[in-house]
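These are my notebook entries from a session with one structure. I wrote down what I looked up, in the order in which I looked.

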Amino acid sequence: MNVRSINFRLTLWYTVLILTASVAFGAYTYLSFEHRLYTEIQNMLASRIEHLRDDVLPTLSSYTRDTLRQKVEEVYSPEQNDRFVRISKMDGTVLYVSGHPRENTFNPDLIPPLLNYTTTITEGMQSLRTSDHLLLVGYVTKLDNDQYILEMGTSITPVISALHKLIVTLLIGLPIVVLIAVLGGSALVSRALQPVEDMRETAEQISFSNLRQRLPLNRSGDAIEQLAKTLNQMLERLDQAYQQASRFSADASHELRTPLAIMRSELETILNRQDAPLPFREHIGSVLEENERLSNIVDGLFSLARLDAGEAKIDHKIFDIAQLTCLTLEQMQLLAEEKSLSVKINAPLPIFVKGDAGRLKQVIVNILDNAIKYSIAGGSLSISILSVSGNAVLTVEDNGIGIPQEALPHIFERFYRADKVRSRTIQGAGLGLSIVRSICQAHGGTVDAKSRESLGTVVTVELPLSTKPNTQI
Amino acid sequence: MRILLVEDESKLVQALADNLKTEGFAVDTALNGIDGMEMVASYAYDLIILDIMLPGLDGSQLLQKVRARNREVPVLMLTAKDSVQDKVKYFEAGADDYLTKPFSFAELLVRAKALLRRRPSQQTDVIHVDDFVLDRLTRKVKRADKRIELSSKEYALLEYLATNTGRVLSRTMIIEHVWDQSFENLTNIVDVYIRQLRTKIDEGHEHKLIRTIRGVGYVFGDEVNL
């Protein structure tokens, strides 16, 4: 999974938000439920205490310890209801305390007095949770100069157990909610990004051969539509620039070629005249040669201009470059035989690349032609085309004259000639290898040369393998 | 033989017309597409040489009109642009051949002659020239009853030469037919293969079948004029 992808990050944020919200909601539910439960119990105890006060206190002096017990138990039966009742004086004398509860959730004898008897307490209701198991409410009242404390409590075990169950429910429910949120969020993000994905797919298809195509607009009026519009405007400008560039290249080509053609025709007309003296003919022949050289340079320049303008890869077909290499070599066989070169080719398997077979053939022809041209008679030429870690790797190795070290970094530059003297005898304008490089780069590949002077040269072309072999070969 | 030359560069028109006349052709010229169209309408030319960039009516529009009127007349396009798509486009529009400026007059002449004859001179499956026999079905070649072994490329070249017996073929024409676009700048490859064919076909024979035409290309058998 790509942790930096927008899908992942959006889903992550979404998950964090949902998780935080769920935890906050759970905590709020728990705390408010707890508070409400205790308040309810307190209110209930308070009303009971008031009842006890009205029932017992006015006639307290008429009770003995036993009759008081009888009276309280008659009305409240605290033991049966897991309740605690205590009536005491301010000085600590206990007049009545309830017995052990049925469920034995607390020991009434061990419950510390709710109120500090030594301090003066204003009359009224006081309440306190004295232990984990008991909620106690106390009431202080005055009667005939004596201060009495009424305490009533109830076991909170059921409350704790209910709250416990609530926590369990929340802990089980929360991950489920979060899981649904993550899955739903991820699906929503994917759905929301679908127009972007559509745009990407279309954009991938757009090359110089179909610059007129535009990205789909989803008419949603949102940022994504704006993005598509902006990109389309950019494509429009690109299209215009490209057309301008190729128009310029065509115009300039026309402007240069026409005078060259006229010059050539005029010179040839003179040559055709039977009365032209021989020295004239020789000079004119020499000018014609230069005319041809100039034409070759113009050809090369415009080939490069067009390659730069995106014509280096017009076709996007998947084809077997190993087969193409073998075929090209076969077509050039005699050039090597003429120099008595021993040629070895290692192309054991079909190797599929995607691109312009015509252009890549030009690459192979140029490299093989160079290797043969710069070989010494009787030398050897070894060609291999293999698939190496995701790349189609073509190597052409000769043991010819080699390239001087200082020239090596420049041989793919335009108009660069390793040997200015030799260049006169070999046709071309020093653009062959630049064309090779342009075509390789347009196919996402590289070309590289290693050489030792008078030992030989190795030229290596690497092109990405086609991801989908075996289709439309 | 009457040729119509439509080209807007008057100097080029003049030089080409003069050279074509020297070669024995009747030449009419037009400096723009509209004049060109009028001339096409007024006379049944044997060949039309047509520049693509023309004022008035451009070469490809003119080509369409020519084709609408006459499907047969051969058309040779001249152009200063040479992208592969352009070539394909003009062939699809009905051009018969295509020459990129600047070209040598010899090249133009060879191509013009080839177009004027239209069909290959040898259409039979078995081609006989003297004591030379080429069987296009079995791809077997004999000279004086002796079998000659050829590589597939050598055979392709020889077949192209032999089916055009008597006609001069330029190196570029040979490259275009026997190799392909990728070999455009490798015209010496033709010379190398011709040399090899000569040792196999002509060595030890009095009558040499493959001849060099200086500055142009090669011819198989004796050159036949129009």
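**Entry 1: where the chains meet.** I began with the two chains, keeping in mind that this is a predicted model. I found that 31 residues of chain A are in contact with 29 residues of chain B. I then asked which helices of chain A each supply at least two residues of the side that touches chain B. They are α4 (223–272), α5 (278–308), α6 (321–338) and α7 (357–373) of chain A. Of the contributions to this side of chain A, that of α4(A) is the most, with 14 residues. When I sorted the residues on the side of chain A that touches chain B by class, I noted 13 polar, 10 charged and eight nonpolar ones.

**Entry 2: two helices of chain A.** Next I looked at how helices pack, and I reminded myself that two packed helices are described by the angle between their axes and the distance between the axes. In chain A, I took helix α1 (residues 6–56) and helix α3 (residues 157–205), whose axes come within 8 Å and cross at roughly 160°. Angles over 145 degrees count as roughly antiparallel, and α1(A) and α3(A) are therefore roughly antiparallel to each other. I also recorded that the crossing of α1(A) and α3(A) is right-handed. The contact of α1(A) with α3(A) has, by class, 20 nonpolar, eight polar and one charged residues.

**Entry 3: two helices of chain B.** In chain B, I looked up helix α2 (residues 33–42) and helix α3 (residues 59–69), and saw that their axes come within 10 Å and cross at roughly 10°. Are α2(B) and α3(B) roughly parallel or antiparallel to each other? Angles under 35 degrees count as roughly parallel, so α2(B) and α3(B) are roughly parallel to each other. Their crossing is right-handed. On the side of α2(B), the contact is made by B:G33, B:G36, B:M37 and B:V40, and on the side of α3(B) by B:Q61, B:L62, B:K65, B:V66 and B:R69. By class, I noted four nonpolar, three polar and two charged residues in this contact of α2(B) with α3(B).

**Entry 4: a sheet in chain B.** Last, I traced an open sheet of three strands in chain B, where the order is β10-β12-β11 and the pairing is antiparallel. Its edge strands are β10 (168–170) and β11 (210–213) of chain B, each of which pairs on one side only. Neighbouring strands of this sheet are turned by 35° against each other on average, direction ignored. Looking at one pair, I found that three bridges join β10(B) to strand β12 (residues 217–220) of chain B. There, B:L169 has B:Y218 of β12(B) as its bridge partner.

Notes
Residues are numbered from 1 along each chain as its sequence is written. Chains are lettered from A and ligands numbered from 1 in the order in which they are written. This is a predicted model: local features need pLDDT of at least 70, side-chain atom pairs count only at pLDDT 80 or more; totals for chains, interfaces and linings use all residues. Two strands pair if DSSP finds at least two bridges between them. Helices (H or I, at least four residues) and strands (E, at least two) are DSSP runs, numbered from the N terminus. Axes are lines fitted to C-alpha atoms, for helices over the stretch in contact, and angles run from 0 to 180 degrees between N-to-C directions. Angles under 35 degrees count as roughly parallel, over 145 as roughly antiparallel, 65 to 115 as roughly perpendicular and the rest as oblique. A crossing is left-handed if the near helix is turned anticlockwise from the far one by less than a right angle, and right-handed if clockwise. Ala, Val, Leu, Ile, Met, Phe, Trp, Tyr, Cys and Pro count as nonpolar, Asp, Glu, Lys and Arg as charged, and the others, Gly among them, as polar. Two residues are in contact if their C-beta atoms, placed from the backbone, lie within 7 Å.
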